[in-house]
Structure formats: structure tokens, C-alpha cells
Amino acid sequence: MTVNTLEWHRLDPDSEKLLDGWLTLSTESADTSGYTPPPCPVDLVGSVRFAPPDTELEDWVVCRDGAVVGALRLALPAAAPVIRVDQLLVHPNHRRRGIGRALHERALERAAHHNRSVLSTTLSAALPDGPPVDETPAAFATAMGAVPSEKGAGIHQWLDLSEHDPLAAGIPPVPAGYRLVTWGTVTPDEYALAVSTLEQSLGGEQRSDGEVETSYARRFERMRIGRGRRAYHTGVLHEPSGQLIGYTSISKTTGNPEHALQGMTVVHVEHRGHGLGRIIKLANLELARRHEPRLRFLETTNAEDNAAMIAVNEALGFRPHDRWVVWNRMC
Ligand code: ACO
């Protein structure tokens, strides 16, 4: 086989045949040897239709003899000169025949088309005390001229609730002057502005353009709902001001009842140091488990230099699993 016999298609969300082929490729290529669940079809199909806020997605598939043998997802963030490779995948039966290189060349062509100067991707690397990781992605990225970045690595962690139940010791009392509130997938109107501000500034300076911030929360929810995800939130109100000053989020796909993602946790800078981060995470876990009784595995990722959050997670029983490193290639 040569790469000249490949047929290229934009992945059209309304082309059932290509979507099915892409789902089969993703499922048959998935590495589920560790904690990672199999891909959820509802989540995958939804991800083609609903991009994250401020990001354009381009999905491509390559076929041979009518079967999808490779896929490329490119993400174009609105505010950076970067084109991100979110998926560059070749079916295990078709590897080492140049299809990966052809997908990478397509990514470079699209970078030029969109006037982007950096091709970027995130790859897993082993931690000194962690399990080994597959070295193929790094070998391929190196062969394509990419280099790992020194900055911006994340620590990817897992909590197995069957081994450690952080709720066994109960939830510490909420400090005086604060009150917990909870909500589900859709943020109540009264918190949408505060959630947007906290999400985008991580508790730093307040932004001024209220409408934009509100729309960020709403656009993020639209993507989540479009991907069939459910979410659980616990926020903390500062009673004297009535302001929402922190919140945390757990979300999950429809297809994997045992798995969930511990997403954003943020406490406004002026309210840190009272143990609120740990309290809202525990309370939110209790909320999620009440609605999702089969929940067993939680995954999360924090910036390597976010020692405070990694310490909170360790206290909850999360264990570092691998390191997520950004690789860049100038275009
Ligand atoms: N070990 C060492 N080097 C490798 C390997 C490997 N297993 N696979 C590819 N390479 C390197 C080689 O230098 C190879 O050139 P060569 O065959 O002339 O020696 C070069 O990459 C190109 O190889 P292709 O045949 O074009 O790659 P393939 O079609 O096998 O796809 C891919 C490679 C995409 C990494 C595939 O193994 C896969 O789908 N893995 C799972 C998903 C993944 O890891 N994606 C890559 C993320 S990195 C990024 O996007 C830049």
C-alpha cells in the first residue's frame, strides 16, 4: 500500500458512514490497559458537532478501500497562533506504512492555510515512580520534528474509590461566613457570571465585560450537553457579600458509568487558606456519587507547578499517574 491510495475526507457530522468508521477506528485503537475507559460514542459524535468555546475544530479521516484507517483532529484556538493536534491516529493494522506521516503533512498544510506558526500536541510521559508509557507517540513526534516543551506540563492523576474513599472520614465543617450551594449540568443564571469570571481568571482580577463572561459559561455548557455529558457542581457563597467565590466541577460521559472527570476547582484569591478547596471537592464528590452510584474512577490533571491543588488531591487519595507534556513544531 502507498499513501497515494488513501482517500481524504473532512469528517462531516452528517455523514453516518464516515462517523461510524471513525468510531470503529477510535474504539479499535483505544488503549484501555490502565484506568482509561473505552471511548464513549455519544461523546465522540457530539465532539464533532460541538467545539469548545473560542475554538474551531477540523476533523479529517483517511480511508482505504472504503474503510477509515486514520484520523486527524485539529483545534484552532481563537487567541493563539497555534494549531493543536488533538487526534492523529492510525489503525493498529495499518501502522508503519507512512499514514501517520501523511496525516502530519496534512496538519502542516492546514497550519499554513490558517496562518498558524506552531503545531502543538500533548503527549504522555512516564513519571519516575509511575507506570511505563507507550513510547511510540514520542518517537513519532520526534521523527516529525517536534520537541517537548520545558513549560506547562500537567500531572495526570487518578483516584480509585474502591481503594480509597475520601468521604469515609466525612466532610469538614464549612467555615463561618460561607455556605455551600450545588447545581447540575446547567449553571443557574445567578451564578453564571461568577462562574465565568472564576473560570477565566482563576480567582485573580475580576473582569469587567459581564456579557462575554456569561456567554463563556453558557457556551461551555452547550458543548458539554452536546457531547451528552452530565456534570455536578458545588459552589461556595461568601455570605456577607452574597458572592459565589469558588466552585468545583465533576463531569462524565453517558457511556462510562464508572468513570468521571474532576474538572475545574477554583477559590477566589481573597478567600484562600480556609480549606474551602478541599471542602467543596469532597461535598461535590458526595453529590456526584449520590446521582452516579456506579462511579469508581476519577481522573484529573493539574499544572505541575500547582503544588496547592496537587497536595489537596493527594490528601483526597488521587495518585499521580503520568505527566502530560506539550510538544511543539514550528511550521
Ligand atoms: N517506534 C519508533 N518510531 C516510530 C514508530 C514506533 N512504533 N512509529 C512511527 N515511528 C516514526 C518512524 O520514524 C517512522 O518513520 P519510518 O517508518 O520510516 O521509520 C515515522 O515515525 C513515520 O511513521 P508512519 O509509518 O508514518 O507512522 P504510522 O502510520 O505508523 O502512525 C502513529 C504513527 C500515528 C504514532 C500511530 O502509531 C498511532 O496512531 N499511535 C496512537 C496515537 C498517537 O500516538 N498519535 C501520535 C501523537 S504525536 C503527534 O501528533 C505529533
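This passage describes the ligand shell, the two domains and one helix pair of a predicted model.

The surroundings of the ligand make a convenient starting point. In the predicted model, the ligand is surrounded by 21 residues, and the closest of these are R95, G100, P137, A139 and A143. Several elements of secondary structure share in building this shell: β4 (82–90), α3 (99–113), β5 (118–126) and α4 (136–143) each contribute at least two residues. Among these contributors, α4 gives the most, with 6 residues. In terms of chemical class, the shell around the ligand comprises 13 nonpolar, 4 polar and 4 charged residues.

Turning to the overall division of the protein, domain 1 covers residues 3–116 and domain 2 covers residues 178–295. The centres of domain 1 and domain 2, taken over C-alpha atoms, lie 30 Å apart. Contact between them involves 12 residues of domain 1 and 14 residues of domain 2. On the side of domain 1 that touches domain 2, the residues split into 8 nonpolar, 2 polar and 2 charged.

A helix pair completes the picture. Helix α7 (residues 276–291) packs against helix α8 (residues 307–316) at an angle of about 45°, and their axes are 10 Å apart. The arrangement of α7 relative to α8 is therefore oblique, since the angle is neither under 35 degrees nor within the range of 65 to 115 degrees. The crossing in which α7 passes α8 is right-handed. From α7, the residues that make the contact are G277, R278 and K281, while α8 brings V312, A315 and L316. Sorted by class, the contact of α7 with α8 holds 3 nonpolar, 1 polar and 2 charged residues.

Notes
Residues numbered from 1 in each chain as written. Predicted model: local features only at pLDDT ≥ 70, side-chain atom pairs only at ≥ 80, totals over all residues. Near = placed C-beta within 6 Å. Helix = DSSP H or I, 4+ residues; strand = E, 2+ residues; numbered from the N terminus. Nonpolar A, V, L, I, M, F, W, Y, C, P; charged D, E, K, R; others polar. Domains from an automatic or database assignment. Contact = placed C-beta atoms within 7 Å. Axes fitted to C-alpha atoms, helices over the stretch in contact; angles between N-to-C directions. Parallel < 35°, antiparallel > 145°, perpendicular 65-115°, else oblique. Left-handed = near helix turned anticlockwise from the far one by under 90°.
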